[in-house]
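Please prepare a guided tour of this model for a reader who has it open in a viewer. Indicate at each stop what to select and what is found there.

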Amino acid sequence: MTVHSPRTIDQAVTLLEKYPSAMILSGGTDFMVEVNFNHRKPSQVVSTRAIEELRQWNIDHDTNSIFIGAGVTYSTIESSDIAQAAPALAEASRTVGSPQIRAAGTMGGNLGTCSPAGDTLPVFAALDAKILLASNAGRREVSFADFMVGPKKNSLLAGEMVLGVSLPIIEGWQGYAKVGVRNAMVISIASACLVRNASDDSVRVALGSVGPTIIRARAAESWWLDQGAPRSSSEMHTEFGARCAAEASPITDHRSTAEYRRHAIKVLCTRLAARSTSR
Amino acid sequence: MSENQIYTLTVNGSQREVKDSWIGESLLYVLRERLGLPGAKGACEQGECGSCTVMMDGAAVCSCLVLAASAVDADIKTVEGLAPDGSLTDVQQSFINNGAVQCGFCTPGLIVAIHNLLDSQPNPSELEVREAISGNICRCTGYGRIFAAVQDVIEQRGATR
Ligand SMILES: Cc1cc2nc3c(=O)[nH]c(=O)nc-3n(C[C@H](O)[C@H](O)[C@H](O)COP(=O)(O)OP(=O)(O)OC[C@H]3O[C@@H](n4cnc5c(N)ncnc54)[C@H](O)[C@@H]3O)c2cc1C
Ligand code: FES
Ligand code: FES
(Lines give C-alpha, C1' and ligand atoms only; values in the text may rest on other atoms or scores of the structure.)
(Ligands and ions follow the chains in the order given, each with its own letter.)
Protein backbone atom coordinates (compact mmCIF):
# COMPACT_ATOMS: atom_id res chain seq x y z
CA MET A 1 0.00 0.00 0.00
CA THR A 2 1.30 3.39 -0.99
CA VAL A 3 -0.16 6.70 0.19
CA HIS A 4 0.15 9.70 -2.11
CA SER A 5 -0.58 13.21 -0.88
CA PRO A 6 -0.88 15.46 -3.93
CA ARG A 7 -1.28 19.20 -3.35
CA THR A 8 -3.11 20.07 -6.53
CA ILE A 9 -5.93 18.61 -8.60
CA ASP A 10 -3.54 18.22 -11.54
CA GLN A 11 -1.17 16.15 -9.44
CA ALA A 12 -4.08 14.06 -8.15
CA VAL A 13 -5.49 13.20 -11.58
CA THR A 14 -1.99 12.40 -12.84
CA LEU A 15 -1.63 9.89 -10.01
CA LEU A 16 -5.10 8.48 -10.69
CA GLU A 17 -4.16 7.90 -14.31
CA LYS A 18 -0.91 6.25 -13.35
CA TYR A 19 -2.63 3.97 -10.81
CA PRO A 20 -6.09 3.18 -12.21
CA SER A 21 -6.98 1.02 -9.20
CA ALA A 22 -6.01 3.70 -6.66
CA MET A 23 -8.55 4.63 -4.01
CA ILE A 24 -9.29 8.24 -3.21
CA LEU A 25 -9.19 9.14 0.47
CA SER A 26 -10.95 12.25 1.80
CA GLY A 27 -12.18 12.40 5.42
CA GLY A 28 -11.74 8.65 5.85
CA THR A 29 -15.03 8.14 7.70
CA ASP A 30 -16.21 5.46 5.24
CA PHE A 31 -12.80 4.47 3.89
CA MET A 32 -11.09 3.70 7.21
CA VAL A 33 -13.97 1.61 8.53
CA GLU A 34 -13.33 -0.72 5.59
CA VAL A 35 -9.57 -0.71 6.11
CA ASN A 36 -9.86 -1.27 9.89
CA PHE A 37 -12.06 -4.30 9.33
CA ASN A 38 -9.92 -5.64 6.51
CA HIS A 39 -12.68 -5.30 3.96
CA ARG A 40 -10.34 -3.30 1.83
CA LYS A 41 -6.60 -3.31 1.42
CA PRO A 42 -5.94 -0.84 -1.36
CA SER A 43 -2.53 -0.95 -2.97
CA GLN A 44 -2.53 2.73 -3.90
CA VAL A 45 -4.21 5.56 -1.99
CA VAL A 46 -4.53 9.12 -3.24
CA SER A 47 -5.30 11.36 -0.26
CA THR A 48 -7.09 14.64 -1.01
CA ARG A 49 -6.25 16.13 2.39
CA ALA A 50 -3.55 18.48 1.13
CA ILE A 51 -5.50 19.75 -1.89
CA GLU A 52 -6.53 23.19 -0.66
CA GLU A 53 -8.66 23.89 -3.76
CA LEU A 54 -11.10 21.08 -2.91
CA ARG A 55 -11.97 22.76 0.38
CA GLN A 56 -13.18 25.99 -1.26
CA TRP A 57 -16.69 27.07 -2.13
CA ASN A 58 -17.97 29.95 -4.17
CA ILE A 59 -21.30 31.75 -4.26
CA ASP A 60 -22.02 33.31 -7.66
CA HIS A 61 -24.74 35.95 -7.47
CA ASP A 62 -24.81 36.49 -11.24
CA THR A 63 -25.81 32.93 -11.99
CA ASN A 64 -27.54 32.44 -8.62
CA SER A 65 -25.61 29.32 -7.90
CA ILE A 66 -23.12 27.94 -5.45
CA PHE A 67 -20.17 25.68 -6.18
CA ILE A 68 -18.98 23.56 -3.24
CA GLY A 69 -15.65 21.73 -3.39
CA ALA A 70 -15.61 17.98 -2.75
CA GLY A 71 -13.39 18.38 0.31
CA VAL A 72 -15.77 20.67 2.20
CA THR A 73 -16.79 19.03 5.48
CA TYR A 74 -20.22 18.83 7.04
CA SER A 75 -19.19 21.11 9.87
CA THR A 76 -18.09 23.76 7.37
CA ILE A 77 -21.39 23.47 5.51
CA GLU A 78 -23.31 23.95 8.77
CA SER A 79 -21.32 26.91 9.99
CA SER A 80 -20.52 28.93 6.84
CA ASP A 81 -22.52 31.01 4.38
CA ILE A 82 -23.19 27.78 2.47
CA ALA A 83 -25.97 27.29 5.03
CA GLN A 84 -27.83 30.40 3.78
CA ALA A 85 -27.32 29.58 0.10
CA ALA A 86 -28.39 25.95 0.47
CA PRO A 87 -30.42 25.59 3.69
CA ALA A 88 -31.53 22.01 2.95
CA LEU A 89 -27.91 20.94 2.51
CA ALA A 90 -27.05 22.48 5.87
CA GLU A 91 -30.00 20.73 7.48
CA ALA A 92 -28.95 17.41 5.98
CA SER A 93 -25.33 17.94 7.08
CA ARG A 94 -26.52 18.69 10.59
CA THR A 95 -28.02 15.18 10.81
CA VAL A 96 -24.83 13.33 9.85
CA GLY A 97 -23.13 11.17 12.50
CA SER A 98 -21.61 13.05 15.43
CA PRO A 99 -19.52 16.23 15.75
CA GLN A 100 -16.38 14.14 15.16
CA ILE A 101 -17.81 12.60 11.98
CA ARG A 102 -19.03 15.99 10.72
CA ALA A 103 -15.60 17.53 11.32
CA ALA A 104 -13.92 14.92 9.12
CA GLY A 105 -16.55 13.69 6.66
CA THR A 106 -16.88 15.45 3.32
CA MET A 107 -19.48 15.91 0.65
CA GLY A 108 -17.17 14.34 -1.94
CA GLY A 109 -16.93 11.24 0.25
CA ASN A 110 -20.73 11.04 0.48
CA LEU A 111 -20.86 11.12 -3.34
CA GLY A 112 -18.00 8.62 -3.59
CA THR A 113 -19.80 6.14 -1.33
CA CYS A 114 -23.17 6.89 -2.95
CA SER A 115 -25.23 4.98 -0.39
CA PRO A 116 -29.00 5.38 -0.77
CA ALA A 117 -28.83 6.51 2.87
CA GLY A 118 -26.26 9.23 2.14
CA ASP A 119 -27.74 12.38 3.65
CA THR A 120 -26.57 14.94 1.10
CA LEU A 121 -27.86 12.91 -1.85
CA PRO A 122 -31.61 13.71 -1.61
CA VAL A 123 -30.65 17.38 -1.48
CA PHE A 124 -28.60 17.01 -4.66
CA ALA A 125 -31.48 15.15 -6.34
CA ALA A 126 -34.05 17.75 -5.32
CA LEU A 127 -31.87 20.62 -6.49
CA ASP A 128 -30.83 18.91 -9.75
CA ALA A 129 -27.20 19.33 -8.72
CA LYS A 130 -24.42 19.18 -11.26
CA ILE A 131 -21.40 17.12 -10.23
CA LEU A 132 -18.05 18.31 -11.57
CA LEU A 133 -15.60 15.49 -12.31
CA ALA A 134 -11.97 15.53 -13.38
CA SER A 135 -9.52 13.08 -14.83
CA ASN A 136 -6.23 13.49 -16.60
CA ALA A 137 -8.22 13.67 -19.86
CA GLY A 138 -10.16 16.75 -18.72
CA ARG A 139 -13.25 17.79 -16.85
CA ARG A 140 -16.91 16.98 -17.31
CA GLU A 141 -20.15 17.78 -15.57
CA VAL A 142 -22.94 15.29 -14.95
CA SER A 143 -26.35 15.74 -13.39
CA PHE A 144 -26.79 14.03 -10.03
CA ALA A 145 -29.41 11.78 -11.65
CA ASP A 146 -26.76 10.49 -14.05
CA PHE A 147 -24.09 10.33 -11.36
CA MET A 148 -25.82 7.96 -8.94
CA VAL A 149 -26.69 4.80 -10.86
CA GLY A 150 -27.41 2.27 -8.09
CA PRO A 151 -26.90 1.45 -4.43
CA LYS A 152 -23.28 2.41 -3.72
CA LYS A 153 -22.73 2.82 -7.44
CA ASN A 154 -21.81 5.97 -9.27
CA SER A 155 -20.77 6.68 -12.82
CA LEU A 156 -17.21 7.77 -12.01
CA LEU A 157 -14.82 6.35 -14.60
CA ALA A 158 -11.45 4.85 -13.72
CA GLY A 159 -9.03 7.67 -13.06
CA GLU A 160 -11.80 10.16 -12.32
CA MET A 161 -12.51 12.10 -9.14
CA VAL A 162 -15.23 14.43 -7.89
CA LEU A 163 -14.15 18.08 -7.77
CA GLY A 164 -17.37 19.47 -6.37
CA VAL A 165 -21.05 20.17 -6.76
CA SER A 166 -22.91 23.07 -8.28
CA LEU A 167 -26.33 23.94 -6.82
CA PRO A 168 -28.86 26.57 -7.83
CA ILE A 169 -29.73 29.11 -5.16
CA ILE A 170 -33.52 29.00 -5.02
CA GLU A 171 -35.71 31.61 -3.40
CA GLY A 172 -38.22 29.87 -1.13
CA TRP A 173 -38.39 27.37 1.71
CA GLN A 174 -36.31 24.19 1.68
CA GLY A 175 -35.69 21.49 4.25
CA TYR A 176 -34.50 17.99 4.97
CA ALA A 177 -35.84 15.39 7.38
CA LYS A 178 -34.90 11.86 8.24
CA VAL A 179 -35.99 8.97 10.41
CA GLY A 180 -33.51 6.77 12.25
CA VAL A 181 -33.36 4.82 15.47
CA ARG A 182 -32.15 7.64 17.69
CA ASN A 183 -31.02 11.22 17.46
CA ALA A 184 -27.22 11.14 17.33
CA MET A 185 -25.36 8.99 14.87
CA VAL A 186 -28.18 7.63 12.79
CA ILE A 187 -28.02 6.16 9.36
CA SER A 188 -31.36 7.03 7.85
CA ILE A 189 -34.17 4.53 7.50
CA ALA A 190 -36.03 7.00 5.32
CA SER A 191 -35.34 10.61 4.43
CA ALA A 192 -36.74 13.39 2.29
CA CYS A 193 -35.72 16.77 0.95
CA LEU A 194 -38.31 19.33 -0.10
CA VAL A 195 -37.50 22.52 -2.00
CA ARG A 196 -40.20 25.08 -2.66
CA ASN A 197 -39.61 27.63 -5.37
CA ALA A 198 -41.15 30.98 -4.42
CA SER A 199 -41.34 32.28 -7.99
CA ASP A 200 -43.94 29.76 -9.23
CA ASP A 201 -44.67 27.86 -5.99
CA SER A 202 -43.54 24.61 -7.53
CA VAL A 203 -41.96 21.98 -5.27
CA ARG A 204 -39.26 19.41 -5.80
CA VAL A 205 -39.13 16.43 -3.50
CA ALA A 206 -36.50 13.70 -3.30
CA LEU A 207 -36.60 10.54 -1.19
CA GLY A 208 -33.62 8.75 0.38
CA SER A 209 -33.20 5.16 1.65
CA VAL A 210 -36.34 3.99 -0.11
CA GLY A 211 -34.95 2.81 -3.43
CA PRO A 212 -31.73 1.74 -5.14
CA THR A 213 -30.99 5.39 -5.91
CA ILE A 214 -32.55 8.62 -4.70
CA ILE A 215 -36.12 8.92 -5.97
CA ARG A 216 -37.71 12.14 -7.23
CA ALA A 217 -41.44 12.01 -6.52
CA ARG A 218 -42.34 13.71 -9.79
CA ALA A 219 -46.02 12.78 -9.85
CA ALA A 220 -46.47 14.30 -6.40
CA GLU A 221 -44.56 17.39 -7.56
CA SER A 222 -46.93 17.98 -10.46
CA TRP A 223 -49.98 17.18 -8.33
CA TRP A 224 -48.81 19.97 -6.00
CA LEU A 225 -48.80 22.47 -8.86
CA ASP A 226 -52.29 21.41 -9.95
CA GLN A 227 -53.68 22.38 -6.55
CA GLY A 228 -54.76 25.99 -6.13
CA ALA A 229 -52.79 28.48 -4.06
CA PRO A 230 -52.15 28.97 -1.15
CA ARG A 231 -51.47 25.23 -0.81
CA SER A 232 -51.49 25.55 2.94
CA SER A 233 -54.23 23.22 4.15
CA SER A 234 -53.25 20.28 6.30
CA GLU A 235 -55.47 18.01 4.16
CA MET A 236 -53.44 18.95 1.14
CA HIS A 237 -50.16 18.27 2.93
CA THR A 238 -51.34 14.85 4.09
CA GLU A 239 -52.47 13.97 0.59
CA PHE A 240 -49.12 15.18 -0.75
CA GLY A 241 -47.28 12.99 1.79
CA ALA A 242 -49.32 9.96 0.73
CA ARG A 243 -48.57 10.64 -2.93
CA CYS A 244 -44.84 10.90 -2.22
CA ALA A 245 -44.98 7.59 -0.31
CA ALA A 246 -46.67 5.96 -3.29
CA GLU A 247 -43.63 6.78 -5.40
CA ALA A 248 -41.15 5.23 -2.95
CA SER A 249 -39.88 1.73 -3.67
CA PRO A 250 -38.48 0.58 -0.34
CA ILE A 251 -37.07 -2.80 0.61
CA THR A 252 -36.93 -4.66 3.93
CA ASP A 253 -33.45 -4.99 5.42
CA HIS A 254 -31.72 -5.16 8.80
CA ARG A 255 -32.59 -1.54 9.55
CA SER A 256 -36.30 -1.49 8.76
CA THR A 257 -39.21 -3.04 6.92
CA ALA A 258 -40.46 -1.77 3.58
CA GLU A 259 -43.86 -0.95 5.12
CA TYR A 260 -42.36 1.17 7.85
CA ARG A 261 -40.14 2.99 5.37
CA ARG A 262 -43.11 3.87 3.17
CA HIS A 263 -45.05 5.06 6.18
CA ALA A 264 -42.09 7.17 7.30
CA ILE A 265 -41.90 8.84 3.88
CA LYS A 266 -45.57 9.78 4.16
CA VAL A 267 -45.01 11.34 7.59
CA LEU A 268 -41.79 13.12 6.60
CA CYS A 269 -43.21 14.60 3.39
CA THR A 270 -46.41 15.70 5.11
CA ARG A 271 -44.31 17.39 7.78
CA LEU A 272 -41.96 19.05 5.30
CA ALA A 273 -44.92 20.38 3.30
CA ALA A 274 -46.46 21.78 6.48
CA ARG A 275 -43.18 23.34 7.58
CA SER A 276 -42.81 24.93 4.14
CA THR A 277 -46.02 26.90 4.61
CA SER A 278 -45.84 27.67 8.30
CA ARG A 279 -43.34 30.48 8.20
CA MET B 1 4.74 6.64 0.85
CA SER B 2 4.94 2.89 0.57
CA GLU B 3 4.63 -0.24 2.69
CA ASN B 4 6.98 0.33 5.61
CA GLN B 5 8.20 3.77 4.77
CA ILE B 6 9.16 6.03 7.64
CA TYR B 7 7.05 9.16 8.06
CA THR B 8 6.79 11.94 10.59
CA LEU B 9 3.76 13.15 12.51
CA THR B 10 3.43 16.31 14.58
CA VAL B 11 1.96 15.21 17.90
CA ASN B 12 1.56 17.47 20.93
CA GLY B 13 4.02 19.90 19.39
CA SER B 14 6.83 17.45 18.71
CA GLN B 15 7.92 15.71 15.56
CA ARG B 16 7.49 11.98 15.94
CA GLU B 17 8.98 9.52 13.52
CA VAL B 18 6.86 6.47 12.71
CA LYS B 19 8.95 3.43 11.87
CA ASP B 20 8.20 -0.22 11.17
CA SER B 21 4.52 0.39 10.66
CA TRP B 22 2.14 -0.90 8.03
CA ILE B 23 1.09 2.08 5.96
CA GLY B 24 -2.64 1.29 6.35
CA GLU B 25 -2.61 1.81 10.12
CA SER B 26 -5.04 4.21 11.71
CA LEU B 27 -3.81 7.20 13.67
CA LEU B 28 -5.28 5.60 16.80
CA TYR B 29 -3.13 2.50 16.31
CA VAL B 30 0.00 4.50 15.54
CA LEU B 31 -0.45 6.75 18.58
CA ARG B 32 -0.94 3.81 20.92
CA GLU B 33 1.29 1.11 19.50
CA ARG B 34 4.06 3.04 17.74
CA LEU B 35 4.38 6.30 19.65
CA GLY B 36 3.65 5.20 23.20
CA LEU B 37 0.66 7.49 23.62
CA PRO B 38 -2.09 5.22 24.99
CA GLY B 39 -4.40 8.07 26.06
CA ALA B 40 -6.76 7.73 23.12
CA LYS B 41 -8.69 4.49 23.51
CA GLY B 42 -9.91 2.09 20.87
CA ALA B 43 -13.26 0.39 21.27
CA CYS B 44 -15.24 0.25 18.05
CA GLU B 45 -12.75 1.38 15.39
CA GLN B 46 -15.66 2.60 13.31
CA GLY B 47 -16.34 6.10 14.51
CA GLU B 48 -19.24 5.21 16.77
CA CYS B 49 -17.92 5.58 20.31
CA GLY B 50 -15.58 8.59 20.42
CA SER B 51 -13.13 7.02 22.88
CA CYS B 52 -10.34 7.65 20.35
CA THR B 53 -11.08 11.39 19.96
CA VAL B 54 -8.05 13.62 19.31
CA MET B 55 -7.62 17.15 17.99
CA MET B 56 -6.43 17.41 14.42
CA ASP B 57 -5.84 20.85 12.90
CA GLY B 58 -8.16 22.34 15.49
CA ALA B 59 -11.05 19.91 15.11
CA ALA B 60 -12.02 16.97 17.32
CA VAL B 61 -11.99 13.81 15.19
CA CYS B 62 -12.01 10.05 15.67
CA SER B 63 -8.39 8.95 15.36
CA CYS B 64 -9.54 5.46 14.38
CA LEU B 65 -10.85 6.97 11.11
CA VAL B 66 -7.66 8.85 10.21
CA LEU B 67 -5.13 7.09 8.03
CA ALA B 68 -1.98 7.98 9.97
CA ALA B 69 0.23 8.23 6.91
CA SER B 70 -2.13 10.82 5.40
CA ALA B 71 -1.84 13.03 8.50
CA VAL B 72 1.78 14.01 7.93
CA ASP B 73 0.98 17.71 7.57
CA ALA B 74 -1.49 17.87 10.42
CA ASP B 75 -1.18 19.35 13.89
CA ILE B 76 -2.27 16.52 16.19
CA LYS B 77 -3.05 16.92 19.85
CA THR B 78 -3.92 14.02 22.14
CA VAL B 79 -5.26 13.96 25.69
CA GLU B 80 -1.63 13.65 26.87
CA GLY B 81 -0.89 17.06 25.36
CA LEU B 82 -3.64 19.04 27.10
CA ALA B 83 -1.70 19.78 30.30
CA PRO B 84 2.03 19.73 31.10
CA ASP B 85 3.32 16.39 32.41
CA GLY B 86 2.21 15.67 35.94
CA SER B 87 -0.57 18.26 36.01
CA LEU B 88 -4.25 18.20 35.17
CA THR B 89 -6.46 20.52 33.18
CA ASP B 90 -9.48 22.08 34.86
CA VAL B 91 -11.73 19.65 32.98
CA GLN B 92 -9.73 16.64 34.17
CA GLN B 93 -9.77 17.90 37.77
CA SER B 94 -13.49 18.52 37.59
CA PHE B 95 -14.10 14.97 36.33
CA ILE B 96 -12.30 13.71 39.44
CA ASN B 97 -14.13 16.08 41.79
CA ASN B 98 -17.50 15.09 40.37
CA GLY B 99 -16.91 11.36 40.20
CA ALA B 100 -17.44 11.47 36.45
CA VAL B 101 -15.00 8.61 35.90
CA GLN B 102 -16.01 5.03 36.52
CA CYS B 103 -14.18 2.50 34.33
CA GLY B 104 -12.54 5.48 32.63
CA PHE B 105 -12.50 4.07 29.14
CA CYS B 106 -14.55 6.90 27.64
CA THR B 107 -12.85 9.60 29.71
CA PRO B 108 -9.92 10.67 27.47
CA GLY B 109 -12.21 11.09 24.47
CA LEU B 110 -14.71 13.06 26.52
CA ILE B 111 -11.99 15.30 27.96
CA VAL B 112 -10.76 16.16 24.46
CA ALA B 113 -14.31 16.77 23.17
CA ILE B 114 -15.17 18.99 26.15
CA HIS B 115 -11.99 21.07 25.84
CA ASN B 116 -12.82 21.50 22.17
CA LEU B 117 -16.33 22.70 23.04
CA LEU B 118 -15.28 25.11 25.80
CA ASP B 119 -12.48 26.59 23.71
CA SER B 120 -14.93 27.66 21.02
CA GLN B 121 -18.00 28.24 23.21
CA PRO B 122 -17.14 29.23 26.81
CA ASN B 123 -20.75 29.38 27.89
CA PRO B 124 -22.63 26.52 26.24
CA SER B 125 -26.23 25.64 27.03
CA GLU B 126 -26.95 22.17 28.36
CA LEU B 127 -28.21 21.21 24.91
CA GLU B 128 -24.94 22.37 23.37
CA VAL B 129 -22.97 20.28 25.87
CA ARG B 130 -25.12 17.25 25.05
CA GLU B 131 -24.65 17.86 21.35
CA ALA B 132 -20.88 18.29 21.72
CA ILE B 133 -20.49 14.90 23.39
CA SER B 134 -23.13 13.09 21.34
CA GLY B 135 -20.33 11.22 19.58
CA ASN B 136 -18.84 9.96 22.86
CA ILE B 137 -20.42 6.91 24.40
CA CYS B 138 -20.14 6.19 28.13
CA ARG B 139 -21.62 2.90 29.25
CA CYS B 140 -21.00 3.44 32.99
CA THR B 141 -21.93 6.84 34.32
CA GLY B 142 -25.30 7.63 32.82
CA TYR B 143 -23.77 11.02 31.92
CA GLY B 144 -25.20 12.89 34.93
CA ARG B 145 -21.84 13.36 36.63
CA ILE B 146 -20.20 14.23 33.34
CA PHE B 147 -22.67 17.09 32.82
CA ALA B 148 -22.08 18.18 36.41
CA ALA B 149 -18.32 18.20 35.80
CA VAL B 150 -18.71 20.33 32.69
CA GLN B 151 -21.06 22.70 34.48
CA ASP B 152 -18.48 23.24 37.24
CA VAL B 153 -15.79 24.11 34.71
CA ILE B 154 -18.09 26.57 32.97
CA GLU B 155 -18.79 28.28 36.31
CA GLN B 156 -15.14 28.30 37.43
CA ARG B 157 -13.92 29.70 34.14
CA GLY B 158 -16.73 32.28 34.18
CA ALA B 159 -15.74 33.39 37.69
CA THR B 160 -12.10 33.88 36.76
CA ARG B 161 -12.81 35.78 33.54
C1 LIG C 1 -20.10 6.76 12.95
C2 LIG C 1 -20.48 7.17 11.55
C3 LIG C 1 -21.70 7.79 11.32
C4 LIG C 1 -22.06 8.16 10.02
N5 LIG C 1 -23.27 8.78 9.85
C6 LIG C 1 -23.64 9.15 8.61
C7 LIG C 1 -24.89 9.82 8.40
O8 LIG C 1 -25.64 10.08 9.34
N9 LIG C 1 -25.21 10.16 7.13
C10 LIG C 1 -24.40 9.89 6.06
O11 LIG C 1 -24.75 10.25 4.94
N12 LIG C 1 -23.21 9.28 6.23
C13 LIG C 1 -22.83 8.88 7.47
N14 LIG C 1 -21.63 8.24 7.65
C15 LIG C 1 -20.83 7.91 6.46
C16 LIG C 1 -19.73 8.93 6.08
O17 LIG C 1 -19.38 9.74 7.18
C18 LIG C 1 -20.16 9.83 4.92
O19 LIG C 1 -20.50 9.06 3.80
C20 LIG C 1 -19.07 10.85 4.54
O21 LIG C 1 -19.62 11.82 3.70
C22 LIG C 1 -17.87 10.23 3.86
O23 LIG C 1 -16.95 11.26 3.56
P24 LIG C 1 -15.38 11.12 3.81
O25 LIG C 1 -14.76 12.40 3.40
O26 LIG C 1 -15.10 10.64 5.16
O27 LIG C 1 -15.06 9.99 2.72
P28 LIG C 1 -13.95 8.81 2.63
O29 LIG C 1 -14.23 7.85 3.71
O30 LIG C 1 -12.62 9.46 2.60
O31 LIG C 1 -14.33 8.25 1.24
C32 LIG C 1 -15.58 7.63 1.00
C33 LIG C 1 -15.63 7.08 -0.42
O34 LIG C 1 -15.67 8.12 -1.37
C35 LIG C 1 -14.55 8.07 -2.23
N36 LIG C 1 -14.12 9.48 -2.41
C37 LIG C 1 -13.73 10.36 -1.43
N38 LIG C 1 -13.47 11.56 -1.97
C39 LIG C 1 -13.68 11.45 -3.31
C40 LIG C 1 -13.56 12.36 -4.41
N41 LIG C 1 -13.18 13.64 -4.25
N42 LIG C 1 -13.85 11.89 -5.66
C43 LIG C 1 -14.25 10.60 -5.83
N44 LIG C 1 -14.38 9.70 -4.84
C45 LIG C 1 -14.10 10.12 -3.58
C46 LIG C 1 -13.54 7.20 -1.53
O47 LIG C 1 -12.69 6.56 -2.45
C48 LIG C 1 -14.43 6.24 -0.79
O49 LIG C 1 -14.87 5.21 -1.64
C50 LIG C 1 -21.21 7.88 8.93
C51 LIG C 1 -19.98 7.27 9.17
C52 LIG C 1 -19.61 6.91 10.45
C53 LIG C 1 -18.27 6.26 10.69
S1 FES D 1 -12.59 3.68 18.52
FE2 FES D 1 -12.77 5.44 17.27
S3 FES D 1 -14.81 6.01 17.57
FE4 FES D 1 -14.72 4.12 18.63
S1 FES E 1 -16.75 5.61 32.66
FE2 FES E 1 -16.91 3.64 31.78
S3 FES E 1 -17.46 4.08 29.73
FE4 FES E 1 -17.58 5.97 30.68
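Angles between elements run from 0 to 180 degrees between N-to-C directions, the axes being lines fitted to C-alpha atoms. The model on display is a predicted one.

**First stop: a sheet in chain A**

Select β11, β12, β13 and β14 of chain A, which form an open sheet of 4 strands in that order, with antiparallel pairing. The edges are held by β11 (174–179) and β14 (215–216) of chain A; each has a single partner strand, so one side of each is left without a neighbour in the sheet. Strands of a sheet pair through backbone hydrogen bonds, either parallel or antiparallel.

Narrow the selection to β13 (residues 202–208) and β14 of chain A, an antiparallel pair joined over 2 bridges. Within this pair, A:Ala206 has A:Arg216 of β14(A) as its bridge partner.

**Second stop: the helices on the sheet**

Add helix α10 (residues 218–226) of chain A, which lies across β12 (190–197), β13 and β14 of chain A. Its direction is at about 155° to β13(A). Next, show helix α11 (residues 234–247) of chain A, which also packs on the sheet and touches β12, β13 and β14 of chain A. The direction of α11(A) makes about 45° with that of β13(A).

**Third stop: a loop residue**

Is A:Ser209, in the loop between β13 and β14 of chain A, buried or exposed? A:Ser209 has a relative accessible area of 9%, under the 20% limit, and is therefore buried. To see what surrounds A:Ser209, select the residues it touches beyond four places away in sequence: A:Pro116, A:Ala117, A:Ser188, A:Ile189, A:Ala190 and A:Arg261.

**Fourth stop: the interface of chains A and B**

Display both chains and colour the contacting residues: 28 of chain A meet 35 of chain B. The two chains bury about 2400 Å² between them, with 57% of it on carbon and sulfur atoms. Label A:Met1, A:Arg49 and A:Gln100, which supply 28% of the area that chain A buries against chain B, more than any other three residues.

Turn then to the polar features. The interface holds 4 salt bridges and 8 residue pairs in polar contact. One salt bridge to select joins B:Glu131 and A:Arg102, whose closest N and O atoms are 2.5 Å apart.

Finally, select β1 (2–4), α2 (31–36), β3 (44–47) and α6 (99–104) of chain A, each of which supplies at least two residues of the side touching chain B. Of the elements on that side, α6(A) gives the most, with 6 residues.

Methods
Residues are numbered from 1 along each chain as its sequence is written. Chains are lettered from A and ligands numbered from 1 in the order in which they are written. This is a predicted model: local features need pLDDT of at least 70, side-chain atom pairs count only at pLDDT 80 or more; totals for chains, interfaces and linings use all residues. Side-chain values use heavy atoms; hydrogens and water are left out. Two strands pair if DSSP finds at least two bridges between them. Contact means heavy atoms within 4.5 Å. Buried means under 20% relative accessible area, exposed over 50%, partly exposed in between (1.4 Å probe, protein chains only). Buried area is the accessible area (1.4 Å probe) that two parts lose on being put together, summed over both. A salt bridge is a side-chain nitrogen of Lys or Arg within 4 Å of a carboxyl oxygen of Asp or Glu. A polar contact is a pair of N or O atoms within 3.5 Å; within protein, one must be able to donate a hydrogen and the other to accept it, and residues adjacent in sequence count only if both atoms are side-chain atoms.
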